[in-house]
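Please look at the model below with its strands and its nonpolar interior in mind. The walk that follows begins at a single residue and moves outward from there.

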Amino acid sequence: MRKTLVALILVGLSAPTAAEQIGSVATKFKWMGPNDKIVIEVFQDELIPGVACYLSRAKTGGVSGAVGIAEDTSDASLDCVQIGPIDLPDDVRSGKRDGEDVFKKRTSILFKTLQVVRFYDAPRHALVYLSYSDRIIEGSPKNSVTAVAIQPWTKAAAPTQ
């Protein structure tokens, strides 16, 4: 039992996938520490570089948020877009990698994580991304979904001056 608990703690402390913060807006004033806010981040699907995903999520402020022990709510929204050519690997095209994590962000000190997973919708030739929050004991039904219809990509000509 003790080894299992240590393993769970180490998984919870693992480094989150890198995302670039685009901006944020305050949603609730806090007298001490930073305000509660909504943060907008962007990350790219490492396996499929022609896709960028924009994620907005709640971030708890206050003293506990400033020191990293606050638990963020499960509220998040997701939109992914094609930003370049997409060449699907065979294991994605076949569905073998459906449900694979493409992004993870800890939203509490140990047990809660915001995740984005990818699926491939073969009949519509689209990538589908789902964001959701989970806990080791109890998850949340709050989720967001977006789809990227894979289109042919041509390199635009450089503008003339």
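**From one valine to the sheet and its disulfide**

In this predicted model, Val51 is in contact, once its neighbours within four places in sequence are left aside, with Phe43, Gln44, Asp45, Cys80, Val81, Ile83, Ile86, Leu127, Tyr129 and Val148. Val51 also belongs to the largest nonpolar core, a set of 19 residues in which Val51, Ile86, Leu88, Leu127 and Tyr129 are those with the most contacts inside the core. At least two residues of this core come from each of E3, E4, strand E5 (100-106), strand E6 (112-121) and strand E7 (126-135). In soluble globular proteins, nonpolar side chains tend to be buried together.

The strands around this residue can be followed through their pairing. Strand E2 (residues 36-44) runs antiparallel to strand E3 (residues 51-59), and 8 bridges join the two, with Lys37 having Lys59 in E3 as its bridge partner; the connection from E2 to E3 is a hairpin through 6 residues. E3 pairs as well with strand E4 (residues 76-82), again in the antiparallel sense, over 7 bridges, and here Tyr54 stands opposite Asp79 in E4.

E3 and E4 are also linked through a disulfide, which joins Cys53 to Cys80 with an S to S distance of 2.1 Å. Because Cys53 lies in strand E3 and Cys80 in strand E4, the pair ties together parts that are 27 residues apart in sequence. Both cysteines, Cys53 and Cys80, are buried, and the torsion about their S-S bond is about 110°, so the disulfide is right-handed. The count for the model comes to 1 disulfide.

Terms used:
Residues are numbered from 1 along each chain as its sequence is written. This is a predicted model: local features need pLDDT of at least 70, side-chain atom pairs count only at pLDDT 80 or more; totals for chains, interfaces and linings use all residues. Side-chain values use heavy atoms; hydrogens and water are left out. Two strands pair if DSSP finds at least two bridges between them. Helices (H or I, at least four residues) and strands (E, at least two) are DSSP runs, numbered from the N terminus. A nonpolar core is a set of buried Ala, Val, Leu, Ile, Met, Phe, Trp, Tyr and Cys residues joined through side-chain atoms within 4.5 Å. Buried means under 20% relative accessible area, exposed over 50%, partly exposed in between (1.4 Å probe, protein chains only). Contact means heavy atoms within 4.5 Å. A disulfide is a pair of cysteine sulfur atoms within 2.5 Å.
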